[in-house]
Amino acid sequence: MKKLLFHILFLILSSTLIAQDIHFTQFNRSYQNLNPALAGSFVGDYRFHGNFRNQWASISEPYRTFSAAVDASHPIVQLPQLVIGLVFINDEAGVGGLKNTAVNSNFSYSIKVDQDSTWIAKTGLQLGFSVRSVNFNRLTFDNQYTGRVFDPNLSTGEDFERNSLTHLNLGTGFGLEHRLSSTDKIEIGLSAMNLNNPNLSFDNQAARLDVRTNFYIISQFQLNDQLSLLPSLLWTSQDKYREFLLGSELRYRFENQSSFSNLYGGLFMRTGDALLFTAAIDYDNWNLGLSYDVNISELQTASNRRGGLEISVTYIFKKYIPNLRRYKVCPTFM
């Protein structure tokens, strides 16, 4: 009975993965995966950021998702509004080792809506490719059961045409940022991925990947000299799948001039699924984030309320510009 329930759960989770894209709890620290228009949305010259997620380890084979990205704020001097970013994604799930490896390039262009730069409009384009594969040797089939024992040397009785495929990734996004003051701002964005509806079938049947739409609001409001509130929300739609994530972080700014500048703590909810606890810290040009999903859905009977552990790392590189002092040379008169 335990084996039967395990295989049923695996099939459910695997079919869900095939129909949906990757997702991160710390969506506000996975910038280019959220919206290609967010490439270059930082103060500095280069940004490197990575995300790692380990989900459902308490139930079966965990889903492991890794993403690494880099973007440059002004790569082309003649076009300072143009930003170029690059994203690498590796995702593996299930007993069969269903993998998705993707390389995407993001192009973002921003314009100032008004003269004082309190309104900034952004648009982005994503273009890349993915390689999906599955290891059928790690799966078991009815024909390999003799009625008494399982014999892996027996034929599976299945005819798989291929175990990998490659497809194009096409996406776009828009964003509008409004600075309320020197410390307060709000950003609203909308992105759409999988615009080309790639076919994910390994046997040439129709299994199209649906368009994934993301709508988000990310904001920050300074409460006093040391505390800031960072509320945000994310609404994702992909075919019949819906995700609504809402919550906020509280940022505490250290008064002393040490390398540790800010400390974050937050609580979010993914409605009908999980409570999300987040924590992060700023150290020099680094931001280190940690989150954990506590499952509260009907799956909690099997998951024991365990969900997903997630880690994010961001590093912003700023070129050093020396401050040259110019002295006026006065002539000496005799």
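**Exercise 1. Is Asn-194 buried, exposed or partly exposed, going by its relative accessibility?**

Solution. The structure is a predicted model, in which local features need pLDDT of at least 70, side-chain atom pairs count only at pLDDT 80 or more, and totals for chains, interfaces and linings use all residues. Residues are numbered from 1 along each chain as its sequence is written, and side-chain values use heavy atoms, with hydrogens and water left out.

Step 1. Take the cut-offs: buried means under 20% relative accessible area, exposed means over 50%, and partly exposed lies in between (1.4 Å probe, protein chains only).
Step 2. Asn-194 counts as buried because its relative accessibility is 8%.
Step 3. Locate the residue: Asn-194 sits in the loop between strand E7 (185-193) and E8. Strands (E, at least two residues) and helices (H or I, at least four) are DSSP runs, numbered from the N terminus.
Step 4. Check the backbone: phi of Asn-194 is near 60°, a positive value in a residue other than glycine.

**Exercise 2. Describe Asp-239 by its loop, its phi and its accessibility.**

Solution.
Step 1. The loop that holds Asp-239 runs between E9 and E10.
Step 2. Asp-239 is not a glycine, yet its phi is positive, about 55°.
Step 3. Asp-239 counts as partly exposed, because its relative accessibility is 46%.

**Exercise 3. Describe the protein chain as a whole.**

Solution.
Step 1. Count the elements: the chain has three helices and 14 strands.
Step 2. Of its 334 residues, 40% count as buried.
Step 3. Look at the contacts (heavy atoms within 4.5 Å). Among those with a separation of 6 or more, 53% come from residues 24 or more positions apart.

**Exercise 4. Follow the pairing of strands E1, E2 and E3.**

Solution.
Step 1. Two strands pair if DSSP finds at least two bridges between them.
Step 2. E1 (residues 46-55) and E2 (residues 63-72) run antiparallel and are joined by ten bridges. In this pair Gly-50 stands opposite Ala-68, and the partner of Arg-47 in E2 is Asp-71.
Step 3. E2 also pairs with E3 in the antiparallel sense, over nine bridges. Here Ala-69 stands opposite Val-87.
Step 4. Check how covered E1 is: seven of its ten residues are buried.

**Exercise 5. Find the nonpolar cores and place Leu-38.**

Solution.
Step 1. A nonpolar core is a set of buried Ala, Val, Leu, Ile, Met, Phe, Trp, Tyr and Cys residues joined through side-chain atoms within 4.5 Å.
Step 2. The largest core has ten residues, including Phe-27, Leu-34, Leu-38, Tyr-216 and Phe-268. Helix H2 (31-34) and strand E12 (274-283) each supply at least two residues of this core.
Step 3. A second, separate core has six residues, among them Phe-24, Ala-69, Val-87 and Ile-89.
Step 4. Leaving out residues up to four places away in sequence, Leu-38 touches Tyr-31, Arg-47, Asp-71, Glu-187 and Tyr-216.

**Exercise 6. Where is Gly-175, and what does it touch?**

Solution.
Step 1. Gly-175 belongs to strand E6 (residues 164-179).
Step 2. Its relative accessible area is 10%, so Gly-175 is buried.
Step 3. Gly-175 and Thr-123 are 52 residues apart in sequence, and their C-alpha atoms are 6.3 Å apart in space.
Step 4. Among the residues that Gly-175 touches, not counting those up to four places away in sequence, are Ala-37, Ile-120 and Ile-188.

**Exercise 7. Compare the linings of the largest cavity and the largest pocket.**

Solution.
Step 1. On a 1 Å grid over the protein atoms alone, a cavity is a set of points where a 1.4 Å probe fits but cannot get out, while a pocket is an open set with protein on both sides within 12 Å along at least five of seven lines; lining residues have an atom within 4 Å of a point. Grid points are joined across faces, edges and corners, and a volume is the space filled by probe spheres set on the points.
Step 2. There are three cavities of 30 Å³ or more. The largest cavity has a volume of about 490 Å³. It is lined by 32 residues, and Asp-21, Ile-22, Asn-33, Ile-89 and Arg-212 are the closest to its centre. E6 gives the most to this lining, with four residues.
Step 3. The largest pocket holds about 1,700 Å³ of space. Its lining has 50 residues, with Ser-41, Phe-42, Val-43, Arg-179 and Lys-185 nearest the centre.
Step 4. Sort both linings, counting Ala, Val, Leu, Ile, Met, Phe, Trp, Tyr, Cys and Pro as nonpolar, Asp, Glu, Lys and Arg as charged, and the others, Gly among them, as polar.

| Lining | Nonpolar | Polar | Charged |
|---|---|---|---|
| Largest cavity | twelve | 15 | five |
| Largest pocket | 18 | 19 | 13 |
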